[in-house]
Amino acid sequence: DRIHLTSLGFIDIRTKMSDVVIETAAWLQQWGHPVSLHLAGSASADEEAALLTQAQNAGLTDFEITGFLSEDSFRDYLLATDIGIQLRISSLLGVSGPLGDLAGYGVTSVASSGLVRDVDAPEFVHSLPEYVSPVMVAQRIEQCLHEPVSDSGRERMRVDYLKAHSPQLYAAQFLEVLRAEVGRTANVGVK
C-alpha cells in the first residue's frame with residue numbers, strides 16, 4: 001500500500017542531490033501517493049540533521065537515513081525497493097555502483113542521464129536530465145507507476161544486463177587489451 005523509494009550510497013546534498021530526492025517524495029505524497037523514502041547510506045552528521053529537518057518540514061511521515069549497511073542489509077533494500085532514485089549533478093563524478101546494483105536486481109529506477117549511460121543501464125532504468133527539479137523527478141516516477149515494464153520484460157532485460165556486464169566478460173576483454181598492448185610494445189623497435 002506504499003511506494004518504497006530508495007536512493008543508495010553515500011548521501012550528499014551537493015553532488016547527489018539528496019535534498020531533491022526528499023522534495024520528490026514530498027511531491028508524490030502531495031499528489032496522493034503514499035510514499036516511504038529510504039536514503040540507504042551514510043551522511044555527515046550535519047547533512048543528516050539538515051535532511052531529517054527537510055523531510056519533517058515537507059511532511060514526509062515515513063522517511064529514514066539508514067547509515068552504513070551490511071552487505072545483507074543492502075541486498076534487502078534492493079529487494080524491497082519499488083523504485084530506485086540515483087541522481088548526480090554531473091556525469092563527471094564517476095560510475096554509480098548502486099545504479100548498477102539496481103539494474104542487476106531488476107529494480108525500476110530513475111537516474112541522471114550520465115549515470116544511465118555510464119552503467120549502460122537497461123530500459124527499466126529511466127534517464128533524467130543532469131539538472132532536474134523535484135517535480136520533474138516525481139513526474140518520471142509517476143510515469144513509471146502508470147506505465148510499468150512488464151515483469152517478464154524487466155526480467156529478460158535484467159538477465160541480459162547481467163550477461164553483458166559479467167566479471168568473466170570484463171576479464172576476457174581486459175586480457176584482450178593486455179595482449180594487444182604486449183604485442184604492440186614487443187614490436188616497438190623491430191623493423
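Ser 7 is found in strand β1, and in this predicted model it is a useful place to begin, since the residue recurs below in the description of an internal cavity. The chain that holds Ser 7 contains 9 helices and 6 strands, and its C-alpha trace spans about 75 × 40 × 30 Å along the principal axes. Of the 191 residues of the chain, 43% count as buried. Among the contacts with a separation of 6 or more, 71% are made by residues that lie 24 or more positions apart.

**Ser 7 and its surroundings**

- With a relative accessibility of 14%, Ser 7 counts as buried, because the limit for that class is under 20% relative accessible area.
- The side chain of Ser 7 reaches the backbone oxygen of Ile 85, at a distance of 3.0 Å.
- When neighbours within four places in sequence are left aside, Ser 7 is in contact with Val 21, His 38, Leu 39, Ala 40, Ile 85 and Gln 86, so that Ile 85 appears both in this list and as the partner of the side-chain approach at 3.0 Å.

**Cavities**

- The structure holds 2 cavities of 30 Å³ or more, and the largest of them encloses about 90 Å³ of space.
- The lining of the largest cavity is made up of 14 residues, and those nearest its centre are Ser 7, Leu 8, Phe 10, Lys 16 and Ser 18.
- Strands β1 and β4 (83–86) each supply at least two residues of the lining of this largest cavity.
- By residue class, the lining of the largest cavity divides into 7 nonpolar, 5 polar and 2 charged residues.
- The second largest cavity has a volume of about 40 Å³, and its lining consists of Thr 108, His 126, Cys 144, Glu 147, Pro 148, Val 149 and Arg 154.
- In the second largest cavity the lining residues divide into 3 nonpolar, 2 polar and 2 charged.

**The largest pocket**

- The largest pocket has a volume of about 230 Å³, and of the 13 residues that line it, the closest to its centre are Asp 82, Gly 106, Thr 108, Asp 151 and Arg 154.
- Helices α7 (134–146) and α8 each supply at least two residues of the lining of the largest pocket, and α8 gives the most, with 4 residues.
- The residues lining the largest pocket divide into 6 nonpolar, 2 polar and 5 charged.
- Thr 108 and Arg 154, which are listed among the residues closest to the centre of the largest pocket, also belong to the lining of the second largest cavity.

**Salt bridges**

- The structure holds 6 salt bridges, and one of them joins Asp 62 to Arg 2, with the closest N and O atoms 3.3 Å apart.
- Asp 62 lies in the loop between α3 (45–57) and β3 (63–65), whereas Arg 2 lies in the segment before β1 (3–8), so this pair ties together parts that are 60 residues apart in sequence.
- Both members of that pair are partly exposed, Asp 62 having a relative accessibility of 30% and Arg 2 a relative accessible area of 29%.
- Arg 75 forms a salt bridge with Glu 71, in which the closest N and O atoms are 2.5 Å apart, and both residues lie in helix α4 (residues 71–80), 4 residues apart, which is about one turn of the helix.
- Arg 75 is partly exposed, with a relative accessible area of 36%, while Glu 71, at 53% relative accessibility, counts as exposed.
- Asp 72 joins Glu 71 and Arg 75 in a network of salt bridges.
- The side chains of Asp 151 and Arg 154 also meet in a salt bridge, at 3.3 Å from N to O, and the two residues are separated by about one helical turn, being 3 residues apart in helix α8 (residues 151–164).
- Asp 151 counts as exposed, because its relative accessible area is 58% and the class begins over 50%; Asp 151 is also listed, together with its partner Arg 154, among the residues closest to the centre of the largest pocket.

Technical notes. Residues are numbered from 1 along each chain as its sequence is written. This is a predicted model: local features need pLDDT of at least 70, side-chain atom pairs count only at pLDDT 80 or more; totals for chains, interfaces and linings use all residues. Side-chain values use heavy atoms; hydrogens and water are left out. A salt bridge is a side-chain nitrogen of Lys or Arg within 4 Å of a carboxyl oxygen of Asp or Glu. Buried means under 20% relative accessible area, exposed over 50%, partly exposed in between (1.4 Å probe, protein chains only). A polar contact is a pair of N or O atoms within 3.5 Å; within protein, one must be able to donate a hydrogen and the other to accept it, and residues adjacent in sequence count only if both atoms are side-chain atoms. Contact means heavy atoms within 4.5 Å. On a 1 Å grid over the protein atoms alone, a cavity is a set of points where a 1.4 Å probe fits but cannot get out, and a pocket is an open set with protein on both sides within 12 Å along at least five of seven lines; lining residues have an atom within 4 Å of a point. Grid points are joined across faces, edges and corners, and a volume is the space filled by probe spheres set on the points. Ala, Val, Leu, Ile, Met, Phe, Trp, Tyr, Cys and Pro count as nonpolar, Asp, Glu, Lys and Arg as charged, and the others, Gly among them, as polar.
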